[in-house]
Amino acid sequence: MSPQGKKRSRATLAGKERPAAKFAKSKIQEEEELMMPAPKERSSKPVGSSTGKATKKAACPSAQGSKQVYSHWLMKSEPESRFEKGVDVKFGIEDLKAQPNQTACWDGVRNYQARNFMRDMKVGQEAFFYHSNCKEPGIAGIIKIVKEAYPDHTQFDKKDPHYDSSSTKENPKWSMVDVQFVRMTERFIPLSELKAHYQVHRASGGPLKDMTLFTRQRLSVQPLTDEEFEFVLSLEEKPS
């Protein structure tokens, strides 16, 4: 889901059996460099059951040797129709809510760093569902990881916009996770508001000073520290 990364539309999948529901990557994801060198694999600690609200955990990222560990994420997807090779890549949070058990696979990511972040994800961890490549981008709700990384089937499908002829079933290059809807945020938190806080925090040393949403804008799957996650949740009750 992205130039940042994204998922795809269900329209062309009717009648075809797929693992969970599908997403299509966003225009931002499309623009991610396929040849970007893959960073070293990362690992993360499993967390307890999620509530959709901020909880106190050990500060993240935490260090395990030289590796950083994250337990919260931001995942981008397109809520407005856009066709790629005949497939509508639209998949907003309302589309996720409409899926069986409100669960879908997060496929179509074709950036190595975004892929590696998904491989770090653990069942029960939460992510913000971020609407991208639309009139008003921003955070629409909260989702949770319900299945850890496994091969993304779209890399093998020649009819899929995200087909990768260089990937094999014996050695798949791309992974996906399954996510489930948790809740809508109490209000939509627009990118413009997040950016205003980021600019202030960058100067003052606040929680969002290094937020990946602004330092690596094109990534479709991004890590969040606990401090960043909790600060963004605190914005729910504040006016825009």
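A search of the whole structure, which is a predicted model, finds zero disulfides. A disulfide is a covalent bond between the sulfur atoms of two cysteines. The cysteine C105 is buried, with a relative accessible area of 0%. C134 has a relative accessible area of 16%, and because the cut-off for buried is under 20%, C134 also counts as buried.

The strands were examined next. Six of them form an open sheet, and their order across this sheet is β6-β9-β8-β7-β3-β10. The pairing in the sheet is mixed. Strands of a sheet pair through backbone hydrogen bonds, either parallel or antiparallel. The edges are formed by β6, which covers residues 103-105, and by β10, and each of these strands pairs on one side only. From one strand to the next, the twist averages 35°.

At one edge, three bridges join β6 to β9, and the two strands run antiparallel. Within this part of the sheet, A104 stands opposite V179 in β9. Helix α3 packs on the sheet, where it touches β3, β8, β9 and β10. The direction of α3 makes about 95° with that of β9.

Strand β3 spans residues 72-77 and is joined to β10 by four bridges in the antiparallel sense. Two residues of β3 have opposite partners in β10: M75 stands opposite V221, and W73 stands opposite P223. Strand β3 also pairs with β7 (residues 126-131), here in the parallel sense and over six bridges. The bridge partner of K76 in β7 is Y130.

Both faces of β3 are covered. On one side lie H72, L74 and K76, on the other W73, M75 and S77, and all of these residues are buried. Six of the six residues of β3 are therefore buried, so the strand is largely enclosed by the rest of the structure. In the edge strand β10 (residues 221-224), V221 and P223 point one way, whereas Q222 and L224 point the other way. These four residues of β10 are all buried as well.

Helix α3 was considered in the same manner. Eight of its nine residues are buried, so α3 is largely enclosed by the rest of the structure. The buried residues are Y112, Q113, A114, R115, N116, F117, M118 and D120. What covers them includes the strands β3, β8, β9 and β10. The N-terminal end of α3 is capped by N111, with a side-chain oxygen of this residue lying 2.9 Å from the backbone nitrogen of Q113.

The nonpolar residues were then grouped into cores. In soluble globular proteins, nonpolar side chains tend to be buried together. The largest nonpolar core in the model has 23 residues, and those with the most contacts inside it are M75, W106 and V221. At least two residues of this core are supplied by each of β3, α2 (93-97), α3 (112-120), β7, β8 (138-151) and β9 (175-190). A second, separate core has 18 residues, including F128, I139, L208 and M211. Of the residues with the most contacts in the largest core, M75 and V221 also stand opposite each other in the pairing of β3 with β10.

Technical notes: Residues numbered from 1 in each chain as written. Predicted model: local features only at pLDDT ≥ 70, side-chain atom pairs only at ≥ 80, totals over all residues. Heavy atoms only, no water. Buried < 20%, exposed > 50% of the residue type's maximum accessible area, 1.4 Å probe, protein only. Pairing = 2+ DSSP bridges. Core = buried A, V, L, I, M, F, W, Y, C linked by side-chain atoms within 4.5 Å. Contact = heavy atoms within 4.5 Å. Polar contact = N/O pair within 3.5 Å; in protein donor to acceptor, adjacent residues only side chain to side chain. Disulfide = S-S within 2.5 Å. Axes fitted to C-alpha atoms, helices over the stretch in contact; angles between N-to-C directions.
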